[in-house]
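This briefing goes through a two-chain complex, topic by topic. Please look over the sequence and the structure before reading on.

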Amino acid sequence: MSVSLPLATVSRSDWISLAYLVAIISFILALRFLSNPAHARKGNWIGAFGMAVALVATFFQAGLRAREFIWVGIVMAVSAPIGAYAARAVKMTAMPQMVALFNGVGGGAAALIALADFHRAAPEPGTLGLRTSASIVLSGLIGSVSFAGSMVAFAKLQELISGRPIQYPGQKFGNLALLAALIGLGIAILAGYQEQWVLIVVIAGALAFGVLFVLPIGGADMPVVIALLNAFTGVAAAATGFVLGQNVLIVSGMLVGASGTLLTLMMARAMGRSVANVLFGAFGTLQVTAEQVAAAGGSVRPTTPEDVAVMLAYAQRVIIVPGYGLAVAQAQHAVRELAAELEKRGVDVKYAIHPVAGRMPGHMNVLLAEANVPYDQLKEMDEINPAFDQTDVALVIGANDVTNPAARSDPSSPIYGMPILDVDHAKNVVVLKRSMNPGFAGIDNPLFVDPKTVMLFGDAKSSVEKLVSAVKSV
Amino acid sequence: MTASFLVQLTVLVLAAFLGVEVISKVPTLLHTPLMSGTNAIHGIVLVGAIIVAAYPHQATWIHVVALVAVALGTGNVVGGFVVTDRMLEMFKRRKPEPAERQEAEKRE
């Protein structure tokens, strides 16, 4: 029995829709494959394949003028290598900036599409339906906020501007008033006041709002901000999907929106704060001096690399607690060398990774993976915390607030309630620190004056290198 | 029109739930590649940018705006996938060296 497929009845737009369906499935698979580091890379290729299918299909859409494809092709041919080069050249420590930049670029593209389509769809003001105009306003508004906010986040992370919260009187009120004005103008467009300039004003205002909204947020809170901007860009892409009536944009955008939202909530939870508190709290303005730490009771006990080396070499279990200070000092490779040296002696070495170690979700894992630390040694907080009780030495390198026991015990501490690594449960604690300055959040840490803690002062990289050679000669 | 809008809205809501479902299974280990990977996926706005850039009969400045969107979208897509690949390549399981393996066997 032969079945002849009625292919002739499948129209061109059906084929294009099918191609978009392939893209959607690929994106979902790409995310699905990320559940396991062993398959994740394959998933990314599947995602890239889906994107290629979607892009090729787009050139066959009806109602487009083929002559314009020349320009589109030229622009793509020029910008693709730039994107690839940036992605190849970026240092892993600069990954948060890179992600912020891509968030911004995607958001910016969504806003520009809204602007261009508004012009096309509304030659006569007042003729645009509620659905299209609402999508255009949302896409323009959210895309612009995402673009401008991401650029500020980029500048902060790249240290083009200060990472400290930038505050001035009336800031919250001013931002709120601006947002209200933007929403008002948006509603005016929905109501039929569809002059070109109104949307341009909305976009310009949204750009300003994006800048003003990220300025007061401190550098240590960037993981939350980047995740949130990621969600914004996703939602802006989904809104663009409504503008153009393309399901592929709606689904893909919303997948990203969901991902960004989930990460935002996770990051805020890892800081023990609400998202609203992170965004509007202007954390990190508090400063505590070394004298105040000393006055808090007890004294710190400085030590030498040789003493620490003996302690480590004769330990059974060591947990390394890396913080962003380790990455700043570029000590990742030295730390891996130290771990290898200890493992040669039969010491069990693990890494305890706090969710907000680094400047974006999961950042520390990438930095250590780059230094060839096998990922099965990288343990997340909930998994490793019970193990500190049976640990001989906890080696804290460039981490501070995430090890602060005050978060558990002191209701007056600004980080009270933040989940922390239970470093103080280990038998011995060694803290590698540049000096007695408080951490990023500027909060004093009772761990440093704990009787079982010793402090090894100095640059993280040179301290770890000294430890490596000292362990070798034990 | 409204029917198709409701279909789109349905698709949006389902995608949101699916997204939460899939993403919650991604370990914290891979959250940075997750972000750069979703970065690449929202590069799908490039599809929209191409459509808008190739609409016939439009003002030059709109055409330029759309082409800028194409440029941003292209950089987003290509850069996103390349950087994600670069990161995921680095995540390796432990491969014990011969000496270490003997010790590991001894311990077991």
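Two strands count as paired if DSSP finds at least two bridges between them. By that rule strand 1 of chain A pairs with strand 4 (residues 393-397) of chain A, because five bridges join them. The model is predicted, and the points below cover these strands, the contact between the chains, one glycine of chain B and the confidence values.

**Strand 1 of chain A and its partners**
- Strand 1 of chain A and strand 4 of chain A run parallel.
- In this pairing, Val318(A) lies opposite Val393(A) of strand 4 of chain A.
- Strand 1 of chain A is also joined by four bridges to strand 2 (residues 348-353) of chain A, and these two strands run parallel.
- Here Arg317(A) has Asp348(A) of strand 2 of chain A opposite it.
- Strand 1 of chain A spans residues 317-322, and five of its six residues are buried, so the rest of the structure largely encloses it.

**Contact between chains A and B**
- In chain A, 96 residues are in contact with chain B, where 78 residues take part.
- The elements of chain A that give two or more residues to this side include helix 1 (12-33), helix 2 (40-58), helix 3 (68-89) and helix 4 (95-121).
- Also among them are helix 8 (222-244), helix 9 (247-270), helix 15 (363-370) and strand 3 (378-380) of chain A.
- Helix 4 of chain A gives the largest share, 17 residues.
- Sorted by class, the side of chain A that touches chain B holds 57 nonpolar, 27 polar and 12 charged residues.

**Gly75(B)**
- Gly75(B) belongs to helix 4 (residues 60-90) of chain B.
- Is Gly75(B) buried or exposed? Gly75(B) is buried, because 28 other C-beta atoms lie within 10 Å, and 20 or more are enough for that class.
- Leaving aside residues up to four places away in sequence, Gly75(B) touches Ser79(A), Ile82(A), Gly83(A) and Val105(A).
- Leu30(B) is 45 residues from Gly75(B) along the chain, and their C-alpha atoms are 23 Å apart.

**Confidence**
- Chain B has a mean pLDDT of 86, with 84% of its residues at 70 or more.
- Which elements of chain B have the lowest and the highest mean pLDDT? The lowest, 50, belongs to helix 5 (residues 98-107) of chain B, and the highest, 95, to helix 2 (residues 31-42) of chain B.
- For the complex, the predictor gives an ipTM of 0.88 and a pTM of 0.88.

Key
Residues numbered from 1 in each chain as written. Chains lettered and ligands numbered in written order. Predicted model: local features only at pLDDT ≥ 70, side-chain atom pairs only at ≥ 80, totals over all residues. Contact = placed C-beta atoms within 7 Å. Nonpolar A, V, L, I, M, F, W, Y, C, P; charged D, E, K, R; others polar. Buried ≥ 20, exposed ≤ 12 C-beta atoms within 10 Å, placed from the backbone. pLDDT = per-residue confidence, 0-100.
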